[in-house]
Amino acid sequence: MALKGKTAVITGSTSGIGLGIAQGMANSGINVVINGFGDPEQIEQERMALEKLGVKATYNGADMTKPEEIEALMEETLTLHGSIDIVVNNAGIQTVAPVDEFPPEKWDAIIAINMSSSFHTVRKAIPAMKKQGWGRIINIASAHGLVASPFKSAYVTAKHGIIGFTKTIALEVARDNITCNAICPGYVLTPLVAKQIPDTAQARGITEEQVKNDVLLAAQWTKKFVTVEQLAGTALFLCSDSAENITGTHIAVDGGWTAA
Ligand code: NAD
């Protein structure tokens with residue numbers, strides 16, 4: 001099945017991994033809907049850069065904590081693009097704190113953005129995918145969907161949850177030519193990771209340099225950060241015909257972290 005001309009919704013794609021996946025998809029001729037927060041001028045520049053790759057690129061600023069805005073994003077995609085072929089649930093945030101000091105409003109936001117938003121995109125995408133007889137759902141989980149680290153209770157909970165969601169949806173749509181998988185990245189040096197370095201240093205009482213070398217890359221056996229290009233390539237593989245029978249599972253792109 002040619003990917004050229006298909007339409008992908010990528011949540012949280014104004015930055016980091018989501019933007020990298022949007023660029024990878026656009027490079028393969030896939031029309032993209034980008035989403036996320038940021039400076040409107042910068043987002044417009046990113047959108048125009050994607051269109052320069054020869055695809056249709058639109059932006060919708062839906063807040064992933066708001067189900068009605070997510071519904072509107074999916075409906076607008078159908079109106080502007082005519083189909084929803086690929087959904088990449090990528091938007092995510094992080095807070096690092098011991099559980100007894102974890103701000104309850106941050107817990108709620110992480111569960112909403114990193115987990116429940118995928119329910120809202122998927123429930124709106126599946127009828128369109130069933131109608132057209134093809135679909136790919138890719139959930140950007142994390143190595144923290146498979147194993148835990150201290151001080152990340154909400155994040156680890158949400159990412160484990162999204163793996164369970166992935167398996168369930170895969171079974172529900174298995175006969176509809178729709179696959180649903182998760183990608184579990186190790187550490188990628190995006191703004192999300194850069195922002196948690198000072199908090200982790202404070203929570204553990206160590207320097208920021210020690211956080212990079214001794215915490216972030218401690219479990220990454222390759223001693224290399226994962227790149228957004230590698231994750232875009234993995235997402236495109238999951239959209240390819242070779243991956244037609246890969247569903248309800250995850251691909252770890254984590255430098256060996258979860259093998260140990
Ligand atoms: P990032 O901070 O660079 O990008 C996050 C994106 O989500 C941004 O576009 C931001 O605007 C958007 N976003 C945040 N809150 C939103 C909301 N309420 N509504 C809509 N959009 C919102 O982060 P990243 O590192 O690129 O992370 C992307 C995904 O990859 C996340 O789900 C994250 O958990 C996961 N991940 C990241 C790493 C890593 O090391 N960076 C590792 C494993 C998994």
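Just after helix 1, G29 takes a positive phi of about 85 degrees. Keep in mind that this is a predicted model, and then step back from G29 into the helix that comes before it.

Helix 1 covers residues 16–27, and its 12 residues reach 17 Å from the first C-alpha to the last. That is close to the 16 Å expected at 1.5 Å a residue. How much of helix 1 is covered? Mostly: 9 of its 12 residues are buried. The buried ones are I17, G18, L19, G20, I21, A22, G24, M25 and A26. If you look at what these residues pack against, you'll find strand 1 (7–10), strand 2 (31–34), helix 2 (40–51), strand 4 (86–89), strand 5 (135–140) and helix 8 (228–239).

Pick out M25 for a moment. Leaving aside its neighbours within four places in sequence, M25 is in contact with A8, I30, V32, I86, V88, A235, L236 and C239. M25 also turns up in the largest nonpolar core, which has 32 residues. Which members of that core touch the most other members? They are I21, M25, I86, V88, I138 and I183. Strand 1, helix 1, strand 2, helix 2, strand 4, strand 5 and helix 8 each supply at least two residues of this core. Helix 8 gives the most, with 7 residues. There is also a second, separate core of 27 residues, and A125, I137, A141 and I169 are among its members.

While we're at helix 8, have a look at F237, which has its place there. Is F237 buried or exposed, or something in between? Its relative accessibility is 35%, so F237 counts as partly exposed. Not counting residues up to four places away in sequence, F237 touches S242, A243, I246 and I251.

Now over to helix 5, residues 153–172. This helix has 20 residues and reaches 29 Å from its first C-alpha to its last, close to the 28 Å expected at 1.5 Å a residue. Its buried residues are A154, Y155, V156, A158, K159, I162, I163, F165, T166, I169 and A170. One of them, I169, is the residue we just met in the second core. What covers the buried residues of helix 5? The cover includes helix 4 (104–132), strand 5, strand 6 and strand 7.

T166 is a good residue to zoom in on within helix 5. At 1% relative accessibility, T166 counts as buried, since the cut-off is 20%. Leaving aside neighbours within four places in sequence, T166 is in contact with N139, C180, N181, A182, G248 and T249.

C180 leads us to the cysteines. How many disulfides does the structure hold? The count is 0. C180 is in no disulfide, and the nearest cysteine sulfur, that of C239, is 12 Å away. A disulfide needs the two sulfurs within 2.5 Å, so that distance rules out a pair here. C180 is buried, with a relative accessible area of 0%. The story for C184 runs along similar lines: C184 is in no disulfide either, and the nearest cysteine sulfur, that of C180, is 12 Å away. C184 also has 0% relative accessibility and therefore counts as buried.

Next come the aromatic rings. The structure holds 2 aromatic pairs. In one, the ring centres of F102 and W107 are 6.5 Å apart and the planes stand at 85 degrees, so the pair is edge-to-face. F102 is buried, with a relative accessible area of 9%, whereas W107 is partly exposed at 32%. The other pair, Y187 and W257, is stacked, with 5.3 Å centre to centre and 15 degrees between the planes. Where do these two partners sit along the chain? Y187 is in the loop between strand 6 (178–185) and helix 6 (191–204), while W257 is in the segment after strand 7 (250–253). The partners are 70 residues apart, so this pair links distant parts of the chain. Both rings belong to buried residues: Y187 has 8% relative accessibility, and W257 has a relative accessible area of 11%.

Finally, two rings have a charged side chain for company. K6 lies over the face of W134, at 4.5 Å from the ring centre. The charged end of R123 sits over the ring of F119, 5.5 Å from its centre.

Terms used
Residues are numbered from 1 along each chain as its sequence is written. This is a predicted model: local features need pLDDT of at least 70, side-chain atom pairs count only at pLDDT 80 or more; totals for chains, interfaces and linings use all residues. Side-chain values use heavy atoms; hydrogens and water are left out. Buried means under 20% relative accessible area, exposed over 50%, partly exposed in between (1.4 Å probe, protein chains only). Rings of Phe, Tyr and Trp (its six-membered ring) pair if their centres lie within 6.5 Å; planes under 30 degrees apart count as stacked, over 60 as edge-to-face and the rest as tilted. Helices (H or I, at least four residues) and strands (E, at least two) are DSSP runs, numbered from the N terminus. A charge sits over a ring if NZ of Lys or CZ of Arg is within 6 Å of the ring centre and within 35 degrees of the ring normal. The expected span of a helix is 1.5 Å times one less than its number of residues. Contact means heavy atoms within 4.5 Å. A nonpolar core is a set of buried Ala, Val, Leu, Ile, Met, Phe, Trp, Tyr and Cys residues joined through side-chain atoms within 4.5 Å.
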